[in-house]
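Here's a quick look at how some helices pack in this structure, and at what lines its largest pocket. Have the model open alongside as you read.

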Amino acid sequence: MTVSVEPTDPTTAVPSQNDAATGGGDVTGGAATAPDALRPHAEHAFAAELAVLAAQDDRPRPSRWKMSPWAVATYLLGGTLPDGTVITPKYVGPRRIVEVAVTTLATDRALLLLGVPGTAKTWVSEHLAAAVSGDSTLLVQGTAGTPEEAIRYGWNYAQLLANGPSRHALVPSPVMRAMAEGMTARVEELTRIPADVQDTLITILSEKTLPIPELGQEVQAVRGFNLIATANDRDRGVNDLSSALRRRFNTVVLPLPESPDAEVDIVARRVDQMGRSLDLPAVPDGIEEIRRVVTVFRELRDGVTTDGRTKLKSPSGTLSTAEAISVVTSGLALAAHFGDGVLRAGDVAAGILGAVVRDPAADRVIWQEYLETVVRERDGWKDFYRACREVSA
């Protein structure tokens with residue numbers, strides 16, 4: 001027997017504190033976002049772009065998709081529509097990678113986004129789900145403590161004790177809801193989840209069913225269902241995927257930005273977006289400091305200076321693009337609240353130190369050597385050198 005799972009009804013959902021304070025939030029795809037949300041879901045933050053794309057999209061759409069695969073790729077990569085509307089890029093990287101990822105979701109294979117920390121796996125996952133299904137909130141966050149119920153289903157124990165197992169006592173997981181509604185589910189940090197819990201996905205991805213033995217029933221995935229998982233290259237060996245589970249995924253590797261200019265552009269765009277929500281100064285006022293942060297991170301990450309003349313030791317941290325965004329955002333906050341609003345070397349120095357020196361013993365030596373042999377001798381970097389020396393003392 002097949003059991004249906006009723007979608008969440010936003011009219012009966014319990015309001016959050018933010019909803020109560022603001023009189024309710026905007027509702028899209030069953031997920032509510034308060035007007036003053038610190039970080040709106042992608043489908044709310046870019047609702048205007050999604051609406052314009054869907055309205056002008058005349059290409060074939062897979063079942064239950066909000067737009068065609070071409071439009072989804074355009075939403076992620078950016079472009080100009082025939083009516084002149086500019087779609088901002090959400091991901092800066094090889095177009096073919098995005099096309100393969102989108103095409104995978106149009107098949108019966110699940111998508112695994114793999115890469116080192118800070119390669120925008122979660123960001124891409126969220127925007128793919130928002131563009132395909134209009135709802136990026138059907139999310140399972142993987143941790144060492146993620147239980148099987150987070151992927152399959154749980155129970156309302158009050159109803160379970162009162163009336164025994166029944167459909168009304170069942171609490172569907174995000175994956176179960178996605179299966180029943182033909183939507184895109186997301187599993188973040190898949191390799192952080194214990195191996196026996198990971199394997200819960202095998203039947204879901206291969207048979208497209210989720211058995212409920214307590215009821216003698218099952219949930220069958222309807223057309224439009226698929227799943228996006230993300231995994232960290234650095235977590236290899238923590239909870240490796242079984243070969244059976246890995247075969248159920250089409251793996252797409254997200255690379256680090258290929259050039260300094262591309263990485264500077266990514267950092268500037270994301271910091272500008274975050275800064276607007278935090279009322280911080282505009283990014284263009286500090287673009288040179290962003291370039292310095294990116295240069296430091298890339299050189300230490302690659303183990304060689306930009307000109308290729310000096311070999312360097314790499315610290316234990318990842319020094320990812322995401323960390324560069326965090327350093328610059330923190331620096332902007334310092335400039336706004338304790339400076340003149342312009343991002344300067346002193347505003348980013350402490351953040352860089354915290355990102356580089358993760359191992360106080362080994363990393364501090366590497367950082368000091370880099371300061372003295374590279375930064376100190378670099379033209380136009382004297383203020384940066386002094387600021388870094390001050391916080392490193």
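A word on handedness before we start: a crossing of two helices is right-handed if the near helix is turned clockwise from the far one by less than a right angle, and left-handed if it is turned anticlockwise. With that in hand, look at α15 and α17: they make a right-handed crossing. Keep in mind that this is a predicted model.

**Helix pairs**

Here are the three pairs, side by side.

| Pair | Axis separation | Crossing angle |
|---|---|---|
| α13 (287-302) and α15 (345-356) | within 10 Å | roughly 20 degrees |
| α3 (47-56) and α4 (69-77) | 10 Å | about 150 degrees |
| α15 and α17 (382-392) | within 8 Å | roughly 50 degrees |

Let's stay with α15 and α17 for a moment. Their axes cross at roughly 50 degrees, and angles that are neither under 35, nor over 145, nor 65 to 115 count as oblique, so α15 is oblique to α17. On the α15 side, the residues that meet α17 are Ala345, Gly346, Val348, Ala349, Ala350, Ile352 and Leu353. Facing them from α17 are Asp383, Phe384, Ala387, Cys388, Val391 and Ser392. Sorted by class, this contact has ten nonpolar, two polar and one charged residues.

α15 also packs against α13, with the axes crossing at roughly 20 degrees. That angle makes α13 roughly parallel to α15. The crossing is right-handed here too. From α13, the contact takes in Glu289, Arg292, Val293, Val296, Phe297 and Leu300, while α15 brings Ala345, Val348, Ile352, Ala355 and Val356. The class count for α13 with α15 is nine nonpolar, no polar and two charged residues.

What about α3 and α4? They pack at about 150 degrees, and are therefore roughly antiparallel to each other. Once more, the crossing is right-handed. Glu49, Leu50 and Leu53 of α3 touch Ala71, Thr74 and Tyr75 of α4. By class, that makes four nonpolar, one polar and one charged residues in the contact of α3 with α4.

**The largest pocket**

Now for the empty space. How big is the volume of the largest pocket? About 1,200 Å³. It is lined by 46 residues, and the closest to its centre are Arg39, Trp123, Arg270, Gln273 and Ile325.

Which helix gives the largest share of the lining? α12 does, with ten residues. The elements that each supply at least two lining residues are α2 (42-45), α6 (121-133), β12 (226-232), α12 (260-278) and α14 (321-338).

If you're thinking about the chemistry of that lining, its residues divide into 22 nonpolar, 13 polar and eleven charged.

Key:
Residues numbered from 1 in each chain as written. Predicted model: local features only at pLDDT ≥ 70, side-chain atom pairs only at ≥ 80, totals over all residues. Heavy atoms only, no water. 1 Å grid on protein atoms, 1.4 Å probe; cavity = no way out; pocket = protein on both sides within 12 Å on 5 of 7 lines; lining within 4 Å. Points joined across faces, edges and corners; volume = space filled by probe spheres on them. Helix = DSSP H or I, 4+ residues; strand = E, 2+ residues; numbered from the N terminus. Nonpolar A, V, L, I, M, F, W, Y, C, P; charged D, E, K, R; others polar. Axes fitted to C-alpha atoms, helices over the stretch in contact; angles between N-to-C directions. Contact = heavy atoms within 4.5 Å.
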